[in-house]
Amino acid sequence: MSIEAANWAYAEDFIAEDRVLLEARDVADELGCAPVLPGAGRAMQVLARTMRAATAVEIGTGAAVSTTYLLRGMAPTGVVTSIDVEPEHHKAARRTLTAAGFAPERARLITGRALDVLPRLTDAGYDIVFIDARKSEYPAYLEHAMRLLKPGGLLLMDNALWHGRVADPAQRDQDTTAVRETLRTVREDERLTTALLTAGDGLLAAVKG
């Protein structure tokens, strides 16, 4: 194992996940969805806690691994609005959030296609927008995120390195190209203060000025 791979593995294992998260990962595997990895999830939790976030939008619920990380970092009355196209994902997510001890009103789960739901959400109404759904739609999600974020709000995007494909110019499939395009747009947007973290599968974090 290379030094880089060893460092990555050490960082991912630095904080052990509890039973709730481990069971949610098992359910996610059964459902065929890939949740945020531990390093990125804990980074999200830390960032949410630092800003005392009260409102968040999550694009892609899965079995609520990332939802749990966000809620554990947010203010005690914080609410996550989480969108997923699969009803079965939301059933699983509700079980995860109940097991984690969150009251039902802490998570507003909306079943539907994200690009149909996002236009109905309030402009400048959210402290955090987290993107983790269909990669080919990342550029469109970003447009909505910029509208939804409050000034000083935090944009988070999972799979920002997309299994090492983004950094390889030879990789030009639709998903990789869409993620790469989104990163370029964020980097060039003067309204955003941006960092690209190697946690998990890459976590983009950007504050809207």
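**Figure 1. Eight helices and seven strands make up the secondary structure of the protein chain.** This is a predicted model. Its C-alpha atoms fill a box of roughly 45 × 40 × 30 Å along the principal axes. The radius of gyration is 16 Å, which agrees with the value near 17 Å for a compact globule of 209 residues. Among contacts between residues at least 6 apart in sequence, 69% join residues at least 24 apart.

**Figure 2. The largest nonpolar core has 30 residues.** Look here for V57, L118, I131 and L155, the residues with the most contacts inside this core. At least two core residues each come from β1 (55-59), α6 (114-117), β4 (126-131), α7 (138-148), β5 (149-158), α8 (174-188) and β7 (203-208). The most generous of these is α7, with six residues.

**Figure 3. A closer look at L118 and the residues it touches.** Leaving aside residues up to four places away in sequence, L118 is in contact with V57, I59, I83, Y141, H144, R147 and L148. Apart from the core just described lies another, of 26 residues, including A48, A64, V80 and A205. Across the whole protein chain, 49% of the 209 residues count as buried.

**Figure 4. Y10, F14 and I15 make a nonpolar patch on the surface.** This patch covers about 360 Å². You will find F14 in the loop between α1 (3-12) and α2 (19-31). Why does F14 count as exposed? Its relative accessibility is 57%, and the cut-off for exposed is over 50%. For the wider setting, the protein chain exposes about 10200 Å², with carbon and sulfur atoms supplying 54% of that area.

Technical notes: Residues are numbered from 1 along each chain as its sequence is written. This is a predicted model: local features need pLDDT of at least 70, side-chain atom pairs count only at pLDDT 80 or more; totals for chains, interfaces and linings use all residues. Side-chain values use heavy atoms; hydrogens and water are left out. Patches are made of residues with over 30% relative accessible area and no salt bridge: like charges are joined within 9 Å, nonpolar side chains (Val, Leu, Ile, Met, Phe, Trp, Tyr) within 5 Å. Accessible areas come from the Shrake-Rupley method with a 1.4 Å probe; for residues, only the protein chains shown count as cover. A salt bridge is a side-chain nitrogen of Lys or Arg within 4 Å of a carboxyl oxygen of Asp or Glu. Helices (H or I, at least four residues) and strands (E, at least two) are DSSP runs, numbered from the N terminus. Buried means under 20% relative accessible area, exposed over 50%, partly exposed in between (1.4 Å probe, protein chains only). A nonpolar core is a set of buried Ala, Val, Leu, Ile, Met, Phe, Trp, Tyr and Cys residues joined through side-chain atoms within 4.5 Å. Contact means heavy atoms within 4.5 Å. The radius of gyration is taken over C-alpha atoms; the globule rule is 2.2 Å times the number of residues to the power 0.38.
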